Structure formats: C-alpha cells, structure tokens
Amino acid sequence: MASSNSLCSESERSRKSLTHKPLRSVSTRTQQKSAELKSQSKAVSTKAKENKRKITEKAAPDVLKSLHMEHERINQLLDDMIQPDALKTKLIKKNLAEFTALTMAHLRFEERHVYSKISDDHKDIVFACLEEHSNMKLLLKRIMVVGATNVTFHAKLRVFKNLFQQHVKEEEGTIFPILQRGLGEVGLRNIGITYTESKAA
Ligand SMILES: [Fe+2]
Ligand SMILES: [Fe+2]
C-alpha cells in the first residue's frame, strides 16, 4: 500500500510539473514582452516630444516683436471702430469681437509670462503697469456688456484708446528693455515658445 501511495504522489507531482511549469513560463514571457513594448512605446513618446520641442524652438517668434504687432493691431481696430460712420458698417461686430478677444488674451499673456519674469528691482513700474491692465480689463468688460449700439460706446472706446496708448508707450519704452536685459536671448526664446503654444491652444 505504501508503495501505491508513493506511486500516486509521484504521479501527482509529475502531473503538476507538466501542467504548471509551461503556464508559468508563458506568463513570464508575456510579462517580459509587455515590459519591452511599454519601454519601446515610452522611448517613441519621449522622442516625439523632443522632436516637437525642437520644431517649436525653431519656430519660436521674437516675442517682443509679436507683442508690438498685437499693440498695432489693437490700435488699428480701435481706430476703425471710433470712426464716425463705423456703426453703419457691418464690420463693427466683427471688429468688436476681434478687439475684445485679442486684447483680453494679450493682457493675460503679459501678466502670466512677461510681468511675472521681471525682477523685484522693478516692482514699482510692474505694479503700475498691472494696475493699468486692471483698469483696461474693467473697461473692456463694460464695452462688451453695453455693445456697439449703446450711446456711450464711442466714449468708452476713446477712453480705452487713451489708456492703452499710454500703457503701450511705457511697456515698449521701459518694460521690454528691462525684460531683454534680464532674460537674454534664451529667456526671451522660451517666452516665444510659450507664446506660440498659447496661440495654438
Ligand atoms: Fe500690457
Ligand atoms: Fe502689451
């Protein structure tokens, strides 16, 4: 009987060895393959990100020039809307929509990526410029609320234009040179990359 039990145990061990060993082996191979695929996928993703960054760096605009061009465009839109017969044209709605969207995006970009980069040595002028931004944003919201048909529309635009021109004079004459001296070419290029990304978002 003892010998029969022994044979039975031997047979059981053999059966387990035949059934479980290959399964473990298959499972290990699958895990290894999965890890390899994950690693390859990660490498491809990292490479793609590097390539995208290189392309963006090559295409990075001169951010100060881009901001200057936006100042020019905002001024042009204001002039077009302030014309006495502007309300008679169909362009007023289109101009107003572009003016409000462009100006709001412009002010926000400068606050997040330009003024935030200026050292505390110039905090007085930075605070003054940010106060001007607040005033302009407030007036901009009031212009959007009343719309082009309101009797105060032209008056609001004229006041906005005065605020804006005074602010731009200070920004381009004082803030931009401070930024150039403080950040140098690499720092400005990084803001240029952020500028491109913000326009693509
Ligand atoms: Fe500004
Ligand atoms: Fe500006």
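This report walks through the helices, their packing and the nonpolar cores of a predicted model.

## Overall layout

Let's start with the whole chain. The protein chain holds 5 helices and 0 strands, so the order of elements from the N terminus is simply α-α-α-α-α. Of its 201 residues, 11% count as buried.

Contacts in the protein chain often reach far along the sequence: taking those between residues at least 6 apart, 73% join residues at least 24 apart.

## Helix 3 and its partners

Helix 3 covers residues 91-113. With 23 residues at 1.5 Å each, helix 3 should span 33 Å, and its end C-alpha atoms lie 32 Å apart, which agrees. The buried residues of helix 3 are L96, F99, T103 and L107. If you are looking for what these buried residues pack against, the answer is helix 2 and helix 4.

## Helix 4 and the turn after it

Helix 4 takes in residues 123-146, 24 residues in total. From its first C-alpha to its last, helix 4 reaches 35 Å, close to the expected 34 Å. Just after helix 4 comes G147, a residue with a positive phi of about 75°.

## How helix 3 meets helix 4

How are helix 3 and helix 4 oriented to each other? Their axes come within 11 Å and cross at roughly 160°. Angles over 145 degrees count as roughly antiparallel, and helix 3 and helix 4 are therefore roughly antiparallel to each other. The crossing of helix 3 past helix 4 is left-handed.

You can trace this contact residue by residue in the structure. On the helix 3 side, T100, T103, M104, L107 and E111 take part. Helix 4 contributes L130, H133, M136, K137, L140 and M144. Two of the helix 3 residues in this contact, T103 and L107, are also on the list of buried residues of that helix.

## The nonpolar cores

Which residues make up the largest nonpolar core? There are 9 of them: I74, L77, M81, L96, F99, I143, L157, F160 and F164. Helix 2 (63-82), helix 3 (91-113) and helix 5 (153-200) are the elements that give two or more residues to this core. Apart from this core lies another one, of 8 residues, which include V63, L67, V114 and I175.

L77 is a handy place to begin a closer look at the largest core, being one of its members. Leaving aside neighbours within four places in sequence, L77 is in contact with N95, E98 and F99. Of these contacts, F99 belongs to the largest core as well and is one of the buried residues of helix 3.

Key
Residues numbered from 1 in each chain as written. Chains lettered and ligands numbered in written order. Predicted model: local features only at pLDDT ≥ 70, side-chain atom pairs only at ≥ 80, totals over all residues. Core = buried A, V, L, I, M, F, W, Y, C linked by C-beta atoms within 7 Å. Buried ≥ 20, exposed ≤ 12 C-beta atoms within 10 Å, placed from the backbone. Helix = DSSP H or I, 4+ residues; strand = E, 2+ residues; numbered from the N terminus. Contact = placed C-beta atoms within 7 Å. Expected span 1.5 Å × (residues − 1). Axes fitted to C-alpha atoms, helices over the stretch in contact; angles between N-to-C directions. Parallel < 35°, antiparallel > 145°, perpendicular 65-115°, else oblique. Left-handed = near helix turned anticlockwise from the far one by under 90°.
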